[in-house]
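The following exercises are to be worked through with the sequence and the structure at hand. Each task is followed by a solution in steps.

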There are 2 protein chains.
Amino acid sequence: MFLAIDFQSDIPIYIQLKQQIIAGIARGELKEGEELPSVRQLAQDIGINLHTVNKAYSLLKDDGFILMDRRKGAVINSLENMAEDDFKFRLREEINPLIAQAFCKGMTEEELQLEIGEIYRSYSQGAER
Amino acid sequence: MFLAIDFQSDIPIYIQLKQQIIAGIARGELKEGEELPSVRQLAQDIGINLHTVNKAYSLLKDDGFILMDRRKGAVINSLENMAEDDFKFRLREEINPLIAQAFCKGMTEEELQLEIGEIYRSYSQGAER
DNA sequence: CATCTGTTATATAAAATCTATAACAACTAT
DNA sequence: ATAGTTGTTATAGATTTTATATAACAGATG
């Protein structure tokens, strides 16, 4: 598994889980229909509680990244179904403070775009829509 | 004052304070040498505790955005002194999850660049380096 | 000296995070 | 059928983070 939880981080475990699974999807390592480990299995693997995993899965479900199935557990949704029109609004709110900081820290627009582009392509290369 | 704290937000007050002051600097509304309200004054204005403001100021100081002066209180640092070479590393870590999400949600690289550029320029227009 | 700075200390309350156990309904496989 | 999976729900407790309340101190200002 590609999950690496940092227990010293100030980012809550369930958020780290959510972020890394989304990154896995974007990278193309987790494809449509693929099954995630059960909440109990993953919890045991990482050495955390079942509810912490469940919280991450619930958030991923609410955001359309996965589908929950009583039988098969958590299943990766299709990229088509993940697409969401009003996502730009939420993105703007979250990314705004980072850009303000980047400007103050002396990054030019070109540097920022370069950085963003590199990261974006590090994902889009693996997964195809 | 341009500060608008959302008490219902899941983002802690001291983080909101920090973000909005950085945004103010990036927008050019807060210029080098300008004095921020004292911790007591700002706390009273917003209706929060002195220590919550102090925590925000301390973080801003640690990150080089402001200078603390026993006499004058918190003073905006110069953009030159804010600049930091190893900032890109921290930025990458924080912005990475958002980009993965943007990709999954169907944003193309062009859309993302457009969005980023707009936000960046909304700052760089006001403040000149 | 009175009044303003930031700073430090202590105590408390409230909320978020994480864990621990247990149980339930739905499904699968032996 | 029954044992073993799923997710889900409920309850309880511990820990950490966040925010508040009060008080006091040193340094600077008028």
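**Exercise 1. Determine which residues come nearest to DNA strand D, and describe the contacts made there.**

Solution. The model is a predicted one.

Step 1. There are 22 residues around DNA strand D, and the nearest of them are His51(A), Ile13(B), His51(B), Thr52(B) and Arg71(B).

Step 2. Sort the DNA atoms by type. Of the atoms of strand D within 4 Å of the protein, 64% belong to sugar or phosphate, and the rest belong to bases.

Step 3. Examine individual contacts. A polar backbone atom of Ile13(B) is 2.6 Å from a phosphate oxygen of strand D, and a polar backbone atom of Val39(A) is 3.4 Å from a phosphate oxygen of this strand. His51(A) reaches a base: a polar atom of its side chain lies 2.5 Å from a base nitrogen of strand D.

Step 4. Assign the surface to elements. At least two residues each come from α2, α3 and β1 (66-69) of chain A and from α1 (13-27) and α3 (50-62) of chain B.

**Exercise 2. Carry out the analysis for DNA strand C, and state which elements supply the surface near it.**

Solution.

Step 1. Strand C is surrounded by 22 residues, with Ile13(A), His51(A), Thr52(A), His51(B) and Arg70(B) the closest. Of the strand C atoms that come within 4 Å of the protein, 63% are accounted for by sugar and phosphate.

Step 2. On the phosphate side, an N or O atom in the side chain of Tyr14(A) is 2.9 Å from a phosphate oxygen of strand C.

Step 3. On the base side, a polar side-chain atom of Arg40(B) lies 2.9 Å from a base nitrogen, while an N or O atom in the side chain of His51(A) is 3.3 Å from a base oxygen.

Step 4. The elements that each supply at least two residues are α1 and α3 of chain A, together with α2 (39-46), α3 and β1 (66-69) of chain B.

**Exercise 3. Explain how the buried residues of helix α2 of chain A are arranged around its axis.**

Solution.

Step 1. Helix α2(A) covers residues 39-46, and its buried residues are Val39(A), Leu42(A), Ala43(A) and Ile46(A).

Step 2. These residues span an arc of only 100° around the axis, and therefore lie on the same side of α2(A). An α-helix has 3.6 residues a turn, so residues three or four places apart point the same way.

Step 3. The face turned away from the buried side carries the exposed residues Arg40(A), Gln44(A) and Asp45(A).

Step 4. Among the elements covering the buried residues are α1 (13-27) and α3 (50-62) of chain A. Just after the helix, Gly47(A) adopts a positive phi of about 85°.

**Exercise 4. Is Gln113(B) buried or exposed, and which residues does Asn96(A) contact beyond its sequence neighbours?**

Solution.

Step 1. Gln113(B) is located in helix α6 (residues 109-124) of chain B. Its relative accessibility is 18%; because the limit for buried is under 20%, Gln113(B) counts as buried.

Step 2. Beyond four places in sequence, Gln113(B) touches Gln113(A), Ile116(A) and Gly117(A).

Step 3. Asn96(A), in helix α5 (residues 87-104) of chain A, is partly exposed, with a relative accessible area of 23%.

Step 4. Leaving aside neighbours within four places in sequence, Asn96(A) is in contact with Ile119(B) and Tyr123(B). The side chains of Asn96(A) and Tyr123(B) make a polar contact of 2.3 Å.

Notes. Residues numbered from 1 in each chain as written. Chains lettered and ligands numbered in written order. Predicted model: local features only at pLDDT ≥ 70, side-chain atom pairs only at ≥ 80, totals over all residues. Heavy atoms only, no water. Buried < 20%, exposed > 50% of the residue type's maximum accessible area, 1.4 Å probe, protein only. Helix = DSSP H or I, 4+ residues; strand = E, 2+ residues; numbered from the N terminus. Arc of directions from axis to C-beta. Contact = heavy atoms within 4.5 Å. Near = heavy atom within 4 Å. Polar contact = N/O pair within 3.5 Å; in protein donor to acceptor, adjacent residues only side chain to side chain.
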